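Visitor: I would like a close look at a single part of this model. Please take one helix pairing and then work outward from there.

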Amino acid sequence: MGQYLLRCVSDRSVQPAYSLACPHDNSLLRADYQARQIEPKNLPGIWRFLDWLPVQGIIAKAKGAPVTYRSRGLAKELGLENLYISFNGYWPERGAKNPTCSFKDLEAAPTMQMLLERGDNPTLVVASAGNTARAFAHVSYLTGQPLVLFVPEKALDRMWTAAEAKGRGTGQVTLIAVQGDYYDAIQIAEKVQSLPGFAAEGGARNIARRDGMGTVMLDAALALGQIPKHYFQAVGSGTGGISAWEAALRLKADGRFGSFLSRLHLAQNIPNAPIYYAWKGKEPLAASADMFDDVLFNRKPPYGMPGGVRDALAETGGEVYGITDLQARAAKKLFEQSEEIDILNAPAVAVAALEQAAMAGSIGAKDIILLNITGGGVARIKEEHTLSMLEPQITVSHWEQAVQFLEGKK
Ligand SMILES: *Cc1c(COP(=O)(O)O)cnc(C)c1O
């Protein structure tokens with residue numbers, strides 16, 4: 001279970017467990033699992049895919065998982081006969097119970113489990129525009145592992161939790177608000193991560209994050225009995241795109257799910273769309289302070305390195321879409337009315353891209369398509385749970401302030 005070698009994508013050299021970087025270049029690392037064929041386990045949530053997760057044990061209480069279902073409503077609207085939706089949020093009627101309503105729940109649980117297995121019990125440091133922080137906070141409540149979150153002030157309204165106060169452990173989660181944007185939060189987090197006793201989570205370089213997200217593709221392939229021909233997702237860093245590609249590579253090597261890879265259709269929200277401009281070879285427009293969903297803005301996506309987004313697009317014959325706020329807003333309405341569940345703004349950008357591809361005829365009406373709805377059901381979870389807000393313990397504008405505060409807490 002979960003036995004693997006960690007290899008650099010560039011030269012396949014084997015690296016020590018838990019490495020985040022390769023010695024000779026800036027290649028991503030990838031898990032090379034011993035199990036060539038996946039045997040779903042009788043375990044809760046994503047742990048079902050333990051063969052292809054970089055962990056030995058599981059967090060049994062972390063039950064979030066993707067749910068794949070066949071679309072009727074949206075499929076009809078778009079004239080698509082084989083549209084499947086991977087719903088990654090909260091929608092119990094469909095079996096979807098991601099506790100923080102996004103596919104970041106799929107990343108947080110295996111990352112925390114991998115950290116536990118490392119054995120030195122460091123404090124994990126995470127910078128996030130909101131959804132990632134919420135997901136890691138939830139797992140930390142379940143496991144009691146220490147966690148420091150850096151979240152831009154503007155994203156603090158995303159820091160809700162459905163976990164009851166009594167279930168939230170004993171102050172293991174430290175929330176630090178950052179004056180600035182997501183990039184500023186990352187920069188401060190990087191300083192703190194380098195201190196003794198703290199650990200970087202690694203972002204796109206973290207194989208537990210990627211293979212956790214890769215369960216979207218695994219769940220779909222197991223449900224459909226084949227690798228979907230197309231994969232649509234809204235991206236900021238594009239890590240989800242890399243994950244879908246890697247999962248498809250493993251499924252292809254498995255041999256039972258088809259001998260091709262899903263074409264990646266990645267969607268970004270213009271003008272804050274560096275992956276879109278890079279892939280299209282276009283001059284980037286000036287960034288906008290306001291966007292439809294700022295979880296989709298990453299100024300430094302893992303694009304050009306071996307195993308990065310560009311390789312994923314090139315190897316799968318992929319495409320990138322630049323979606324305007326107006327298009328995303330209309331797509332959100334279309335999805336919510338036709339599928340009867342609320343979604344976050346980010347996945348609406350993917351819905352708009354799917355709409356464009358269908359109109360342009362770049363996908364066939366009979367093609368098997370997987371649409372990753374990366375977050376939703378916040379309105380739905382509110383029907384059952386009282387959400388409470390996580391309050392920042394301090395607001396900082398420089399990393400020195402953060403270090404001083406954390407030193408003082410010891
Ligand atoms: C993080 C996030 C994305 C973008 O994910 P990538 O890391 O770029 O793959 C999309 N939708 C939601 C809801 C997210 O939280």
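In which hand does α7 pass α9 at their crossing?

Guide: The crossing of α7 with α9 is left-handed. Bear in mind that this is a predicted model.

Start with the geometry. Helix α7 spans residues 239–254, and helix α9 spans residues 309–316. Their axes come within 9 Å and cross at roughly 50°. An angle from 35 to 65 degrees counts as oblique, so α7 is oblique to α9.

Now the residues that meet. From α7 come Ile242, Trp245 and Leu249. From α9 come Val309, Asp311, Ala312, Glu315 and Thr316. By class, this contact has five nonpolar residues, one polar and two charged.

A second pair makes a useful comparison. Helix α2 covers residues 104–118, and helix α3 covers residues 131–143. Here the axes come within 8 Å and cross at roughly 45°. That angle makes α2 oblique to α3. The hand of this crossing is right-handed.

The α2 side of the contact is made by Lys104, Asp105, Glu107, Ala108, Ala109, Thr111 and Met112. The α3 side is made by Asn131, Thr132, Ala135, Phe136, Val139 and Ser140. Six of these contact residues are nonpolar, four are polar and three are charged.

Lys104 leads on to the ligand. There are 16 residues around the ligand, and Lys104 is among those that come nearest, together with Gly236, Ser237, Gly240 and Thr374. The side chain of Lys104 places an N or O atom 2.6 Å from an oxygen atom of the ligand. Ser237 does likewise, with a side-chain N or O atom 2.8 Å from a ligand oxygen. For Thr374 the partner is a nitrogen atom of the ligand, 2.7 Å from an N or O atom in the side chain. Gly240 brings us back to α7, since that helix runs over residues 239–254.

Two backbone details complete the tour. Most residues other than glycine have a negative phi, and most peptide bonds are trans. The peptide bond between Ile270 and Pro271 is cis, with omega about 10°. Pro271 sits in the loop between β14 (263–269) and α8 (274–280). Tyr18 has a positive phi, near 70°. Its place is the loop between β2 (14–15) and β3 (29–33).

Terms used
Residues numbered from 1 in each chain as written. Predicted model: local features only at pLDDT ≥ 70, side-chain atom pairs only at ≥ 80, totals over all residues. Heavy atoms only, no water. Axes fitted to C-alpha atoms, helices over the stretch in contact; angles between N-to-C directions. Helix = DSSP H or I, 4+ residues; strand = E, 2+ residues; numbered from the N terminus. Parallel < 35°, antiparallel > 145°, perpendicular 65-115°, else oblique. Left-handed = near helix turned anticlockwise from the far one by under 90°. Contact = heavy atoms within 4.5 Å. Nonpolar A, V, L, I, M, F, W, Y, C, P; charged D, E, K, R; others polar. Near = heavy atom within 4 Å. Polar contact = N/O pair within 3.5 Å; in protein donor to acceptor, adjacent residues only side chain to side chain.
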